[in-house]
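Let's take a walk through a protein model together. Have the sequence and the 3D view ready, and follow along at your own pace.

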Amino acid sequence: MKRSLSQSRKNYYVGVDVGGTKIQASLITGFGSVLANYRCETPRNGSVCNSSVETTLNAVEESIRILLHDQNQTLDEIAGIGIAVPGVVQQESGLVVVTPNMNLSGVELGQMMKDRLGVPVAIGNDCNLGTLGECWLGSGRNTSSCVGIFVGTGIGAGIVFDNRVLSGAGQAAGEIGHIISQIPCENWRKNITATKHKQGIKSPKNSLPELSRCGCGNYGCFETFASRTAMERFIREAVDHGAKSVIAELNGGSLDIIKSGAIAKALKVNDKVVTSIVRYAAQVIGYACLTVRHLIDPEVIVLGGGVIEACQKFMMPIIDAVVANDQLPSASGKRRILVSSLGDNAVVLGAVALVRSLNGSNPLRKTHRIIPKYPQLHFMAENVIHIADEPYAEDFFILSDGMIQPRLKLPKKNIHGFRLKDIQTAANGGVDLIIFGSPNAGEIALSGKCHDYLFRRGIDYRILPLDEAVHLYNTVAVRRAAVWHFA
Ligand SMILES: [Zn+2]
């Protein structure tokens, strides 16, 4: 089957995610299709902070040049480059103000990379750009206000309001992980309960964990209760106190760094220690969502990051329950809490959205939104679909960017079904609607797992007979993908 997509010159962009452990550079079209990724490790001299700025800049430049070389592209064909860094960034000037876990503090990254590459360069904070990416093509698409909360070793957030990143007076907005969630004030009640205790009156039980110091220096920060680092600390504490858990076994015998994948596996086997700690973290995240809603009331809150990616099935219903139980009477309106649709590509797509918006074509605005060129389909007798005079009678996908890709036949026992893998392939790259076309449409229902995947990302779907599916595909005016199944 052919892959055809016409591209004019200068309609390509590069998005780069510079992290403490890896650098990802991606070649991306103006309408947000990720054509290729190149990943390498961030150079370190013991730690990233010890290696020279020059070494890091060289690595970023090299990752862009290798990506383009591998794809037979040159910098002449690139309209702009967006770069994300984990720290406080002055978007307008391209200055990195501070990167606590990297060596780029005080570096004029935007200007330096522009001098090296001769292409417009925009830089931004990684959580802000991840949210911008989700707002362009992911779970926040078609909204103008969205907050992204990313749960990993720490907890970061980005705020997009009126189609723009809200960066604050000192470019430090969105530091949700450092909102003080347990107030470390002197407790006046203690003195009173102490007196009561003397008088034989029992004091109420305090079930909150002890305040621990956050990496930022403060006590009681949100991320000290709900990040992966916090979960690790709680798990170690429980195990040290003699609680039985399979987590060490699932994590390669050690509890030094507990991977999100190991936590997810422990949830699957119903490990008591891990389930109770992750349930607690999910509740804390639920309350953080409530705080966000009460403060800025965005249309969508998108949750992402390693912990959510791995444990969403367990965590999302708990988070939903906390939010649903909000006692503050709220204004009416559609608001949702969704899971990231773009995963690892959210940040690089956001970086491209940023450089496009600084070039005057913000893709989040309807007027600048470019819809991929979708093929026109023709339904023929005997269940054949024609695309540009070529007949298709075997299973295939039309991806979110309009490209055609064959689909492997299903195993016999599930011959008329669609697998989660099909759903993920179709949803990849950001869609509003997935059309499933099959001569057996009447007999097909998506499994709970597949339905949940789409529901959690706000993606609509229809299962239709081939002729109706072809008609809908040709006439609907949204970003779409299709899965074609022939009997
Ligand atoms: Zn903190």
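Before we start, one idea will help: the bend at a residue is the angle between two axes, one fitted to the seven residues ending there and the other to the seven starting there. Keep in mind, too, that this is a predicted model.

Now find helix α10, which covers residues 306-324. At Gln 312, this helix bends by about 95°. Gln 312 is also one of the buried residues of α10, along with Val 307, Ile 308, Cys 311, Met 315, Met 316 and Ile 319. What covers them? The cover includes the helices α6 (228-240), α8 (260-268) and α9 (272-296), as well as the strands β8 (145-151), β11 (300-304) and β12 (336-339).

Helix α9 leads us on to the largest nonpolar core, which has 99 residues; Val 16, Ile 83, Val 85, Ile 149, Ala 281 and Ala 351 touch the most other members. Helix α9 gives this core its largest share, ten residues. Because domain 1 (12-138 + 344-368) and domain 2 (139-184 + 211-340) both contribute residues, the core lies between them.

Zoom in on Val 16 next. Beyond its neighbours within four places in sequence, its contacts include Ile 23, Val 60, Ile 83, Val 348 and Ala 351. Apart from this core there is another, of 26 residues, including Ile 398, Tyr 453, Ala 481 and Ala 482.

Finally, look at strand β4 (residues 78-85), which pairs with β7 in the parallel sense over five bridges. Val 85 has Asn 125 in β7 as its bridge partner. Strand β7 (residues 121-125) is mostly covered, with five of its five residues buried.

Methods: Residues are numbered from 1 along each chain as its sequence is written. This is a predicted model: local features need pLDDT of at least 70, side-chain atom pairs count only at pLDDT 80 or more; totals for chains, interfaces and linings use all residues. Helices (H or I, at least four residues) and strands (E, at least two) are DSSP runs, numbered from the N terminus. A residue is buried if 20 or more other C-beta atoms lie within 10 Å of its own, exposed if 12 or fewer, and partly exposed in between; C-beta atoms are placed from the backbone. Two residues are in contact if their C-beta atoms, placed from the backbone, lie within 7 Å. A nonpolar core is a set of buried Ala, Val, Leu, Ile, Met, Phe, Trp, Tyr and Cys residues joined through C-beta atoms within 7 Å. Domain bounds come from an automatic or database domain assignment. Two strands pair if DSSP finds at least two bridges between them.
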